[in-house]
Amino acid sequence: MRLILASASPRRLALLGQIGVVPDAVDPADLDETPGKAELPALYAARIAAEKAVVVAARHDGALVLSGDTVVAAGRRILPKAESEAEARACLTLLSGRRHRVLSAITLIDGAGVARHRLSTNIVTFKRLEAADIDRYIASDEWRGKAGGYAIQGKAAGLIRAIQGSHSAIMGLPLYETRTLLKAAGHPLD
């Protein structure tokens, strides 16, 4: 059975490779990812992952379709995928010295159209960031397009005091949950 990754994220593709999974195709869903008014972060992440899978499954009849969405949340607030230095700086300033959640949702639709969902909830604690810390990180350009304005797999790792949960989920794909869903759907695993 063909496996389609419904994501343009090079991190998700690389993470799948860590568990020996190579999708037959990568076909990102192009949809509006604007959160609904007062939409809670966990519900938002799950909704977007599910919608991506449905869109891509419609283009690949009978295939397994895997999608994901990762959300950085400070309380009930969903932080943006930073597209400007100002956005990244605002996110890092907000996260400085505090705990926040990283919610990584995945959906797998099997060949019969049955959808299975998982949500990984993780806690990340940043050290108290000084202006120079933020300036150096902004200069790295790693923050572009990253939820919450940072990438844990890069230079931001030196700014993070602690994590609770799945490192791979914080990067963008919870590997334990992904492997479990693929195995349950009969996809061959190493």
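Exposed here means over 50% relative accessible area, buried means under 20%, and partly exposed covers the range in between. At 68% relative accessibility, Ala38 therefore counts as exposed. The model is predicted. The points below cover two residues with positive phi, the sides of helix α4, an aromatic pair, the salt bridges, and two buried polar or charged residues, Ser67 and Lys146.

**Positive phi outside glycine**

- Most residues other than glycine have a negative phi.
- Ala38 departs from this pattern, with a positive phi of about 65°.
- Ala38 sits in the loop that runs between β2 (25–26) and α2 (41–57).
- Asp141 is not a glycine either, and its phi is positive, near 70°.
- Asp141 comes just after α4, in the loop between α4 (131–140) and β7 (160–164).
- With a relative accessible area of 39%, Asp141 is partly exposed, whereas Ala38 is exposed at 68%.

**The two sides of helix α4**

- The buried residues of α4 are Asp133, Ile134, Tyr137 and Ile138.
- They lie on the same side of α4, because the arc they cover around the axis is only 130°.
- An α-helix has 3.6 residues a turn, so residues three or four places apart point the same way.
- Ala131, Arg136 and Ala139 are exposed on the other side of α4.
- Helix α3 (85–95) is included in what covers the buried residues of α4.
- A salt bridge also joins these two helices: Asp135 in α4 and Arg89 in α3 are 46 residues apart and link distant parts of the chain.
- The N to O distance in the bridge between Asp135 and Arg89 is 2.7 Å.
- Both partners are partly exposed, Asp135 with a relative accessible area of 40% and Arg89 with 31%.

**Other salt bridges**

- The structure holds 11 salt bridges.
- Arg47 takes part in two of them, one with Glu39 at 2.7 Å (N to O) and one with Glu51, where the closest N and O atoms are 3.2 Å apart.
- Arg47 and Glu51 are four residues apart in helix α2, so about one helical turn separates them.
- Glu39 is buried, with a relative accessible area of 17%.
- Arg47 is partly exposed at 26%, and Glu51 is partly exposed at 31%.
- A network of salt bridges links Glu33, Lys52, Asp69 and Lys81.

**The aromatic pair**

- There is one aromatic pair in the structure.
- The pair consists of Phe126 and Tyr150, whose ring centres are 4.9 Å apart and whose planes stand at 85°, so the arrangement is edge-to-face.
- Phe126 belongs to strand β6 (residues 115–126) and Tyr150 to the loop between α4 and β7, so the pair ties together parts that are 24 residues apart in sequence.
- Phe126 and Tyr150 are both buried.

**Lys146, a buried lysine without a salt bridge**

- Lys146 is found in the loop between α4 and β7, where Tyr150 of the aromatic pair also lies.
- Lys146 is buried but has no salt bridge.
- The nearest side chain of opposite charge is that of Glu142, 7.5 Å away.
- This separation does not qualify as a salt bridge, because the cut-off is 4 Å between a side-chain nitrogen of Lys or Arg and a carboxyl oxygen of Asp or Glu.
- Beyond its neighbours within four places in sequence, Lys146 is in contact with Arg11, Pro80, Lys81, Ala82, Ala151 and Gln153.
- One of these contacts, Lys81, is itself part of the salt-bridge network with Glu33, Lys52 and Asp69.

**Ser67, a buried serine in β3**

- Ser67 is found in strand β3 (residues 64–74) and is buried, at 1% relative accessibility.
- The side chain of Ser67 reaches the backbone oxygen of Ala49 at 2.5 Å.
- A polar atom of the same side chain, that of Ser67, lies 3.5 Å from the backbone nitrogen of Ala53.
- Leaving aside neighbours within four places in sequence, the residues in contact with Ser67 are Ala6, Ala49, Lys52, Ala53, Ala105, Ile106 and Thr107.
- Lys52, among these contacts, belongs to the salt-bridge network that includes Glu33, Asp69 and Lys81.

Technical notes. Residues are numbered from 1 along each chain as its sequence is written. This is a predicted model: local features need pLDDT of at least 70, side-chain atom pairs count only at pLDDT 80 or more; totals for chains, interfaces and linings use all residues. Side-chain values use heavy atoms; hydrogens and water are left out. Buried means under 20% relative accessible area, exposed over 50%, partly exposed in between (1.4 Å probe, protein chains only). Lys and Arg count as positive and Asp and Glu as negative; His and the chain ends are not counted. Contact means heavy atoms within 4.5 Å. A polar contact is a pair of N or O atoms within 3.5 Å; within protein, one must be able to donate a hydrogen and the other to accept it, and residues adjacent in sequence count only if both atoms are side-chain atoms. The arc is that of the directions from the helix axis to the C-beta atoms. Rings of Phe, Tyr and Trp (its six-membered ring) pair if their centres lie within 6.5 Å; planes under 30 degrees apart count as stacked, over 60 as edge-to-face and the rest as tilted.
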